[in-house]
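Reader: I keep meeting labels like "buried" and "oblique" and never know where they come from. Could you walk me through some in this structure?

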Amino acid sequence: MSLNSPIFLKRSEENNSKFVETKQSQTTSIASEDPLQNLCLASQEVLQKAQQSGRSKCLKCGGSRMFYCYTCYVPVENVPIEQIPLVKLPLKIDIIKHPNETDGKSTAIHAKLLAPEFVNIYTYPCIPEYEEKDHEVALVFPGPQSISIKDISFHLQKRIQNNVRGKNDDPDKPSFKRKRTEEQQFCDLNDGKCKGTPLKKIIFIDSTWNQTNKIFTDERLQGLLQVELKTRKTCFWRHQKGKPDTFLSTIEAIYYFLVDYHTDILKEKYRGQYDNLLFFYSFMYQLIKNAKCSGDKETAKLTH
């Protein structure tokens, strides 16, 4: 079954809203001790039934999987694709996965399953060239050069203006009065006011923190604007030994970036638009949490 099939694409925002439970206290969910408890999610009944019936066949490769095939990026046979929510994102997302990252343990797959038109996954070293688009792309990665999400528009606009000056200063090219493009109209650097953002794509690295350096130092990613997320605690059940609980899983990082982007860049109130990115994640989290409390090792092992 292809992710681009008519059945899959038919899952529109209307299909999403059919399942969504609107909660007035949505904005408090991010700050709560358990940030997954107040999410506006589609009905997870389909996952509950699949969990009870056990592993099922992938209709593309025939592999035996739980919930979805992490190789083909499709739900398995006992999880009808029309019952999986479809999330509309404001940006394109590229995920660069370390070759040693175990597919079955990667939460990056969730983003591809739930927002297939907006998400692409690449396995390192096979990644796109971003050099010509560094004025509209950013990399989520912490470090001394990283900026906050709210400053993305300002810094990308500076790149656009620097690129324009560089082209106009080229002695090999005839000088001409460059017409302001739509991208150049986002910000006025003189007064620091931004009307939007030229950001079109955001990049995430999917690997253990000990393996990220190999990807991060790749020359194709050097020079890109780096963005650091606000501090949040992970709920991930595969916590990396020796690392603080502020080291997020890939799907958590994507989710929290989009929430902050929505409020800090789009300047709109967040009403759970991207909560369904945690559709699989929140279900697995609760499943494993319950299994640990009850001592059900088989259930915990099944989700792994």
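Reader: What makes Y73 count as buried or exposed?

Author: Y73 has 18% relative accessibility. Buried means under 20% relative accessible area, exposed means over 50%, and partly exposed is in between (1.4 Å probe, protein chains only). So 18% puts Y73 in the buried class. Y73 sits in the loop between β3 (68-69) and β4 (74-75), and has a positive phi of about 60 degrees although it is not a glycine. Keep in mind that this is a predicted model: local features need pLDDT of at least 70, side-chain atom pairs count only at pLDDT 80 or more, and totals for chains, interfaces and linings use all residues. Residues are numbered from 1 along each chain as its sequence is written, and side-chain values use heavy atoms, with hydrogens and water left out.

Reader: Why is K267 called exposed?

Author: Its relative accessible area is 65%, which is over the 50% cut-off, so K267 is exposed. K267 belongs to the loop between α7 (250-264) and α8. K267 also has a positive phi of about 60 degrees, though not a glycine.

Reader: And what makes D134 partly exposed?

Author: The value for D134 is 21%, which falls in between the two cut-offs, so D134 is partly exposed. You'll find D134 in the loop between β6 (119-123) and β7 (137-140). D134 touches L156, R159, N163 and L224, not counting residues up to four places away in sequence; contact here means heavy atoms within 4.5 Å. P125 is in the loop between β6 and β7 too, and a cis peptide bond joins Y124 and P125, with omega about 15 degrees.

Reader: Why are α3 and α8 called oblique?

Author: The axes of α3 (residues 45-53) and α8 (residues 279-294) cross at roughly 50 degrees and come within 11 Å. Angles under 35 degrees count as roughly parallel, over 145 as roughly antiparallel, 65 to 115 as roughly perpendicular, and the rest as oblique. Roughly 50 degrees fits none of the named ranges, so α3 and α8 are oblique to each other.

Reader: Which residues make that contact, and how many of them are nonpolar?

Author: V46, L47, Q48 and Q51 come from α3, and F279, F280, F283 and L287 from α8. Six are nonpolar, two polar and none charged. For those classes, Ala, Val, Leu, Ile, Met, Phe, Trp, Tyr, Cys and Pro count as nonpolar, Asp, Glu, Lys and Arg as charged, and the others, Gly among them, as polar.

Note on methods:
Axes fitted to C-alpha atoms, helices over the stretch in contact; angles between N-to-C directions. Helix = DSSP H or I, 4+ residues; strand = E, 2+ residues; numbered from the N terminus.
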